[in-house]
Amino acid sequence: ALPIYNTEERRKLVIARLPRISKLNGSAVTDGEREDSERFFIRYHLDLPPEEVPKRYQELVTKYGKLLPLAEVDLRPRDKAMVEVHFEEKIEEMSIRLDQTVADLKKQLKTVVQLSTNNMRLYYLDREAPFGPEEMKLSTRALHSYSIRN
């Protein structure tokens, strides 16, 4: 069975195989797009046995060197975190949803700290940050925007 490529992969593989192409499907091939495509081509064929690697692969390895696979980085915000809630002389460890707002967290903490949301002041302390606690004043601000970590 032939592999199924998305439009971007197909374009990159075609550009990389054809070193003199200057236009593809009506759009210009820039130097930057050519380099990205050629590097993609090398990485695309990294895991193939030597007898299955296209001739163009060796030409591009000579040009760019043997490339390592790209790292996969997930930049989505976390959706939960374990935090310590300090109140009076007590410390309560709890899991919080980071997609909620400061107001939502105050509602969640109401039963834990036995205070109304109006009488509650929340501070976030990042132990790795060089500055002190940050008051969580904006009730509509999402918790993930504070970069809260476990």
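In the predicted model, the side chains of Ser145 and Arg141 are joined by a polar contact of 2.7 Å. Ser145 belongs to the segment after strand 6. With a relative accessibility of 35%, Ser145 is classed as partly exposed, since the value falls between the limits of 20% for buried and 50% for exposed residues. In sequence, Ser145 and Glu59 are 86 residues apart, and their C-alpha atoms are 46 Å apart in space.

Arg141 also takes part in a salt bridge, with Glu134 as the partner and 3.4 Å between the closest N and O atoms. Arg141 has a relative accessible area of 25% and is therefore partly exposed. Glu134 is likewise classed as partly exposed, at 31% relative accessibility. A network of salt bridges with shared partners is made up of Glu38, Lys55, Arg56, Glu59 and Lys63.

Across the whole structure, 13 salt bridges were found. Side chains of opposite charge can pair when their charged atoms come close. One such pair is Glu38 and Arg56, whose side chains meet with an N to O distance of 3.1 Å. This salt bridge links distant parts of the chain, with Glu38 in helix 2 (residues 31–44) and Arg56 in helix 3 (residues 55–64), 18 residues apart. Glu38 has a relative accessible area of 2% and is buried. Arg56 has a relative accessibility of 12% and also counts as buried, because the limit for this class is under 20%.

A further salt bridge is formed by the side chains of Arg97 and Asp99, with 3.0 Å from N to O. Arg97 is partly exposed, its relative accessible area being 43%. Asp99, at 52% relative accessibility, counts as exposed; the class begins over 50%.

Arg97 lies at the end of strand 4 (residues 90–97), which pairs with strand 3 in the antiparallel sense over 8 bridges. Within this pairing, Val83 has Met94 of strand 4 as its bridge partner. In a regular strand the side chains alternate between the two faces of the sheet. The two strands form a hairpin with 2 residues between them, and in this hairpin Glu88 adopts a positive phi near 50°.

Most residues other than glycine have a negative phi. Positive values also occur at Asn25 and Ser147. For Asn25, phi is near 55°. Asn25 is placed in the loop between strand 1 (23–24) and strand 2 (27–28), and the residue is exposed, with a relative accessible area of 77%. For Ser147, phi is near 60°. Ser147 is located in the segment after strand 6 and is partly exposed, with a relative accessible area of 44%.

Polar contacts of the Asp126 side chain were examined next. Asp126 is found in the loop between strand 5 and strand 6 (134–135). The relative accessible area of Asp126 is 18%, so the residue is buried. A polar atom of the Asp126 side chain lies 3.0 Å from the backbone nitrogen of Glu128. The side chain of Asp126 is also joined to that of Arg149 by a polar contact of 3.0 Å.

Rolling a probe the size of a water molecule over the atoms shows where empty space is left. The largest pocket holds about 820 Å³ of space. Its lining consists of 26 residues, of which Glu84, Val85, His86, Tyr123 and Leu125 are the closest to the centre of the pocket. Two or more lining residues come from each of strand 3 (80–87), helix 4 (102–113) and strand 5 (123–124). Strand 3 supplies the largest share, 6 residues. Sorted by class, the lining comprises 17 nonpolar, 2 polar and 7 charged residues. Strand 3 thus contributes to the lining of the largest pocket and pairs with strand 4.

Key: Residues are numbered from 1 along each chain as its sequence is written. This is a predicted model: local features need pLDDT of at least 70, side-chain atom pairs count only at pLDDT 80 or more; totals for chains, interfaces and linings use all residues. Side-chain values use heavy atoms; hydrogens and water are left out. On a 1 Å grid over the protein atoms alone, a cavity is a set of points where a 1.4 Å probe fits but cannot get out, and a pocket is an open set with protein on both sides within 12 Å along at least five of seven lines; lining residues have an atom within 4 Å of a point. Grid points are joined across faces, edges and corners, and a volume is the space filled by probe spheres set on the points. Helices (H or I, at least four residues) and strands (E, at least two) are DSSP runs, numbered from the N terminus. Ala, Val, Leu, Ile, Met, Phe, Trp, Tyr, Cys and Pro count as nonpolar, Asp, Glu, Lys and Arg as charged, and the others, Gly among them, as polar. Two strands pair if DSSP finds at least two bridges between them. Buried means under 20% relative accessible area, exposed over 50%, partly exposed in between (1.4 Å probe, protein chains only). A polar contact is a pair of N or O atoms within 3.5 Å; within protein, one must be able to donate a hydrogen and the other to accept it, and residues adjacent in sequence count only if both atoms are side-chain atoms. A salt bridge is a side-chain nitrogen of Lys or Arg within 4 Å of a carboxyl oxygen of Asp or Glu.
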